[in-house]
Structure formats: structure tokens, C-alpha cells
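Reader: I'd like to go through this one at the bench, a question at a time. Can you walk me through it?

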Amino acid sequence: MNVWVFNLTVALYVLATLKYLLFIILLRELLAKIAFLSVSAGFILHSVAFVLRYLEAGHTPVTNLHESLSFFAWAIIGVYLAFYWRYRIKVLGPFISTLALILMIPAMVLPKEILPLAPVLRSYWLPIHVIFAFLGNAVFALAFCTGIMYVIQEHQVKSKHIGVLSRRLPSLGVLDEINYKALTFGFPLLTVGIITGSIWAQYAWGSYWSWDPKETWSLITWCLYAALLHQRLTVGWRGRKAAIMAIIGFLAIVFTFLGVNLLLTGFHAYSNW
Amino acid sequence: MDILVIGINHKTAPVELREKLSFLGEELGRSLSRLLEFPEFAENMILSTCNRVEIYATTRDVERGIVALKNFLAEYHGVSLEEFEKSLYVHLGRTAIRHIFRVASSLDSMVVGEPQILGQIKEAHNIAAYHNASGIILNKLLHRAFHVAKRVRTETKIGDSAVSISYAAVELAKKIFGALEDKAVMLLGAGEMAELAAKHLITAGAKRVVVASRTYQRAVNLAMIFNGEAIEFDGFHEQLEGVDIVISSTGAPHYILRPEDVLGVIKARKYKPMFFIDIAVPRDIDPEVNGIENVYLYDIDDLQEVVDTNRERREREARRAEEIVEEEVLKFYHWHKSLDVVPTVVSLKEKLEEIRRRELDKALSSFSRITEKERRSLESLTSAIIKKILHDPVTVLKSSDLNMDTHVYVDAVRKLFRLEGEEGGGAKRQGGDDGD
């Protein structure tokens, strides 16, 4: 049942992404509206899929790659919808929905069976740790999208070629403001995510920190964002530098999330997928 | 009843001539009333702006109408016809409809896509309506024109991008800062274009204005206009830190701002972005400044390039707008045509005949037994009734064809009998430019 709802969610996201891409080409408001409705409907279905899977599995469904990818996508869309309330930036839609889709399609292909939970994962800390970590990551995903938009827009203004893209993108001021906002929300979330993970590690493995690759890379990611936040507040790293840092930071997140699982081995590798 | 437009505009006549033929203020109402007395015209309206003088009228006799309007223009303004006849354009029927739709949509304007003309037409129509000079056809025509203008504005990007240097500067400022609400502007030197740009920036929300000029008094005067503050020219470097937008147009023979100056300022600002607009020739600001992080420098050529791209864009959008106009011209033309007596009489007869047929068939089918003869007499009875009913209205319609008020009758008949051709049908559409 949850898989069926999940597939329907993917279909809605595909629809939304197509509409959003058409919107960004044709700039017809109606398309953006339809796309937004599809994304919102997709998000609701996605949430339903989670609840269903939770009920079927009996634990928070974030324990294999299919589940984590799907949860990550869910968090990204959720964060976008929350931001949309405040900023109403429609052109962010195509970026976000594409990103969500990039996560959802492998999630759709990967094995979806509910397997018995590894003993180490049977803990209340599992949902807490994962939810904070992923919410933080999702906020940074948004900053990643606006970072890309910033770099494009900045290049156009700087090089004095105000082209078709420039007209479709928000102003540098707004993009930079989102970058900062994302940092102020994302950084505490990421920090709590790491701390709760560390506490859980103490219960599960008897040590707060054991330098396994996932932990190391989380720390690297955290340091990147800490550096950006620090520089931003003291010397005024804003604009292009901040945007580029947001892009690099998110690439580090993606590597921590996927690269470590696929390329390196460690405690965090719980399932083959 | 034909629609007729006669007029001159910025493309056909120089400003001296346009001035001579213009109708100003009070005159407008008087001339409308004068035109109403002409037997040639049923309705009229005058549009008089600095770029065009046009008279719209509906007439039964086009040839005489044109002559009457030409003579009216000449006599009213005391100008000989020869003086302006070459500059006059005359549009009839479908071409006239297209003309007003294009004018209202700003496709015929000096700067394509500038929206002022729509307001001017609305005003002209209000005055005409107030003096009872416009009637059913012109009212409908104008409402459609407003509707077309609205469609063009929302469905194309014709008015979206700035086509003057000063607006382009504002557009860029918005691209850099987003909202301009809390932004401060510095004017270095004074010049018409710099003042204009500053004015637009303030309209767009910019808060504080600082003016520096080589002659202090000039700075004071200028600062007064913008409700800003004047500073000594030599001290402007110290004030740079507090401003976001700098408009420079001094007559200095060399650069007054060098990269090292700006670098110091931007650091002190913690890299809060700055936008330099250099409209001086020779330039005031070293182009290298544009290379500094979070600093954007546009000189007059850069701005001109933005304007040129925007103009091209408007022209591309204008082509799409022409398609919308064409579509709407066709719609209006059909409605207008339907106001002719003959097609109305035909469709009225058809409608009644259809009702007769339907009711008769119903009645006949309920009879169990009926002879051919009885059936035929029923046929002729019902036909006769229809004919009798139709006789008077058709006679009145046809005789009204010779009068000025035909279209009132025709329109009434079409509405009362809900005849096809009135698009969408019914009185609801009559009032609105609110669309399909």
C-alpha cells in the first residue's frame, strides 16, 4: 500500500517538475499554479506514504537507502513549501522539484521491502537523529538551489549581459537573504542532528564519537557551514562567496549521505542499500 | 453604419502641426457637441494627446463623412486643409477597428508598450460619453479596445522591460538589491539624466539621497528637490560607505573614483553590495571597479546596451500583440456586421420559422389521425401567423435603415430574440471590458 502511494507521489512530482520547467520557459502564471498544486498534493501523498510505511514497518521508515532518499526528498519539498509562504519565489519551484525528483527516481528503483530492523537501530534516537539531520540537509538543499541561482544571476549582472535567465531569476538581494536565512535555520538543525547522533552512538556503541567515515564527513560539512556563518557575520562573506559556499556545503552533504555509504564502509552501513 | 477614423500622429505630422490641430480641455466638449450637429455622424469621439489627434465617428455615408471631418478640422482650427491633408490618415471599417485596438494597446505609440495612451483613451471616451457623443457602437468599440489592451499587457511582455536609460538603471538596481526601500543614493554632479534616474529610484522606494556637486549651491538646490542632503564635493569619499547606489555625472576630465577607493569602502561596508551608475562622458569611475566583489558598475554604454536589448524584446513581443489584436478585430467586426438590418431580419425569420416547425411537429405527432388536407391547412395557418407577427417589426427595421438609429433597433431585436451573432449573447457583455 505504501509503495502504491509512493509511486503516485512520484507521478505527481514528475507532473509538477514538467509544469515548472514549462513555466520557466513560457512564464505563464497558470503553469506555476498548477505545478505548485501538484507539488503540494504530492507532498501530502508523500506524507501519507510515510505514515503507511511507518504503520506497516513498526518503526520510522528511514533505515535503508530507498527510505532515506524518499525522506530526504520529502523534507526538501516540505522546507520549500514552508519557504514559499514567506518568499513566494516561483522560480525556485523548478529547481526544488527537479532536485526532489533526482532523489525520488532512484528511491523508486531501489528495493522497497520492509526488512527486520538491525538491533542497533532499535532506538528512540533513530527518528530524532534522522529527522533533525534531514531537515537541516533539506534547508541546505534550498540554499544550494538559491546559491546556483545567485551565481547565474550575479554573472549576468556583472558581465552586463542581462539575458533571458536573468529575467526569470529573483534579485541578488533576495537570493542572498535566503542564503542567510537558510544558514540560520539549517546550521542549528544540522548541529542538533550531529549531537543527537552522538548521544545515540553512546547508547548504541558505547562511544560518543568514533571517527567512522559518516561522522568524519558530517563534521567536515558542519565545519564548512560554521566557517560560512562565521565569515558571514564577521567579515561579510555575502553574495557570490556565500552562494558558492552553500553549493560546496551541499555537495559535502550529498557525499556524507550517499558517497560514504556507497564508497566507504563504516558503522553507518546498515544495509546493502 | 460604418466606423471612421481620421487623424494625424507623431509618425505623419511634426509637432507644430499636431499642436495646431489639437483639442485642449474645454474645447474638447464643445467640438464634440458641434460634431453631433452634423447630419453625417451618429456618434463621435475625439482623442487628442501630444502625439496624436484623432476623430472617431460612425457614419452612414463614408464619402461625405470624410469630407465633413476634414473640413471640420480645418475650419475649427482655422488651418487650411492643404496644410495638413497630406499628414492625415483615414481608416474605415475593419481597418478603423484595428487602428483603435493598436493605439489602445500602445502598438502605435512612439515608444511601443508605454502604457500612458490607454489612460488617455479612457479619458477621451469618458468625455465623449459625458457629452452623449458616443453611442452603442463607439462604446462597444472602446470597451473592446480596453479589453484588447489588457490582454496585450497580460499575455505579452511588451511593457515589462525598461526602454530608457534612467529606467534601465532602476531595473538594474532592483535586480541587485531586490526592494529599494531602505537604500541610500548618492548623486555626484548634476545632469538631467542623473536627476531623472534619482527621481525614478526614489519613486521605486529609495530612502535617502546625498548630493555632491562642485558648486555647493547647486548641490543644495538639487538636494532640496529630493528632500535629501547636500555635501561638499571634496568630502564625498567619506560618505560613500553609507550609500548603496551612486549616480555619477560630473564633468571631471579624469576618474574621480578608483578601484582602491572603492575597495576600502566595500570592506568597511562588510561587502554589502554597491551599484555605481556612471553616466558621465568622459567616465568618472575607473571601469576596473566592476571587478571588485559585490560591486557593480554600469557606464552609459552598458545602460544603452540594456535599453537596446529591451527594445528588441519589446518589438518581438509587439508581434505577438499584433496577433491578439487581429483576433479581436475579427470578433468585433463580426459583431459590428451583425448590426446590419438584412442579416438580422434573416436570422429573425429563421428563428421564428424554427419555433413554428418545432411546435407544429409536436402538435402533429399528437394527432392520431390527420388528413393531408388538414395538415396542409395547419401549415399555412401557422405560417400566416408568423408572417403577420413579423410584418411590422421588419417594416420598422427596414425603414429605420435610412435613419441614424438603425443599430439601436437592430441591437434591441438581436438581444430580445437572442439571435446569434451577438457573441456570448445578451446584455451582460455590453458594459464590460472584462473579457471572455
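Author: What follows is a set of short questions and answers about this predicted model.

Reader: Let's start with enclosed space. How many cavities of 30 Å³ or more does the count come to?

Author: To make the count, a space has to be one where a 1.4 Å probe fits but cannot get out. The largest cavity holds about 80 Å³ of space. With the cut-off at 30 Å³ or more, the count comes to 4 cavities.

Reader: Which element gives the most to the lining of the largest cavity?

Author: The lining includes A:Asn2, A:Phe6, A:His46, A:Phe50, A:Arg53 and A:Glu67. Elements giving two or more residues to it are helix 1 (2-26), helix 2 (29-57) and helix 3 (65-87) of chain A. The top contributor, with 4 residues, is helix 2 of chain A.

Reader: And by class, how many charged residues does that lining have?

Author: Asp, Glu, Lys and Arg are the ones that count as charged. A:Arg53 and A:Glu67 are both in the lining. Next to 4 nonpolar and 4 polar residues, the charged ones number 2.

Reader: On to the rings. What is the angle between the planes of A:Phe134 and A:Phe257?

Author: Over all chains, the count of aromatic pairs is 27. A:Phe134 and A:Phe257 make one that is edge-to-face, at 5.3 Å centre to centre, and for that label the planes must be over 60 degrees apart. Here the angle between them is 90°.

Reader: How many residues apart are those two along the chain?

Author: This pair links distant parts of the chain. A:Phe134 belongs to helix 5 (residues 125-159) of chain A, while A:Phe257 is in helix 9 (residues 240-263) of chain A, which puts them 123 residues apart.

Reader: Is A:Phe257 buried or exposed?

Author: The cut-off for buried is under 20% relative accessible area. A:Phe134 comes in at 8%, so that ring residue counts as buried. A:Phe257 also has a relative accessible area of 8%, so A:Phe257 is buried.

Reader: Over in chain B, which strand holds B:Tyr298?

Author: B:Tyr298 pairs edge-to-face with B:Phe275, at 5.9 Å centre to centre and 85° between the planes. Both residues are buried. They sit 23 residues apart, with B:Phe275 in strand 9 (residues 274-278) and B:Tyr298 in strand 10 (residues 295-299) of chain B.

Reader: Which ring does B:Lys140 lie over?

Author: For a charge to sit over a ring, NZ of Lys or CZ of Arg must be within 6 Å of the ring centre. In chain A, A:Arg86 lies over the face of A:Tyr87 at 4.7 Å from the ring centre. For B:Lys140 the distance is 4.8 Å, and the ring is that of B:Trp335.

Reader: Which residue's backbone nitrogen does the side chain of B:Asp244 reach?

Author: B:Asp244 sits in the loop between helix 11 (236-239) and strand 8 (245-248) of chain B. Its relative accessibility is 7%, so B:Asp244 counts as buried. At 2.9 Å, its side chain reaches the backbone nitrogen of B:Ala184.

Reader: Last one: how far apart in space are A:Phe255 and A:Lys214, C-alpha to C-alpha?

Author: A:Phe255 is in helix 9 of chain A. With 26% relative accessibility, A:Phe255 counts as partly exposed. A:Phe255 and A:Lys214 are 41 residues apart in sequence, and their C-alpha distance is 9.3 Å.

How values were computed: Residues numbered from 1 in each chain as written. Chains lettered and ligands numbered in written order. Predicted model: local features only at pLDDT ≥ 70, side-chain atom pairs only at ≥ 80, totals over all residues. Heavy atoms only, no water. 1 Å grid on protein atoms, 1.4 Å probe; cavity = no way out; pocket = protein on both sides within 12 Å on 5 of 7 lines; lining within 4 Å. Points joined across faces, edges and corners; volume = space filled by probe spheres on them. Phe/Tyr/Trp six-rings, centres within 6.5 Å; stacked < 30°, edge-to-face > 60°. Buried < 20%, exposed > 50% of the residue type's maximum accessible area, 1.4 Å probe, protein only. Lys NZ or Arg CZ within 6 Å of the ring centre and 35° of its normal. Polar contact = N/O pair within 3.5 Å; in protein donor to acceptor, adjacent residues only side chain to side chain.
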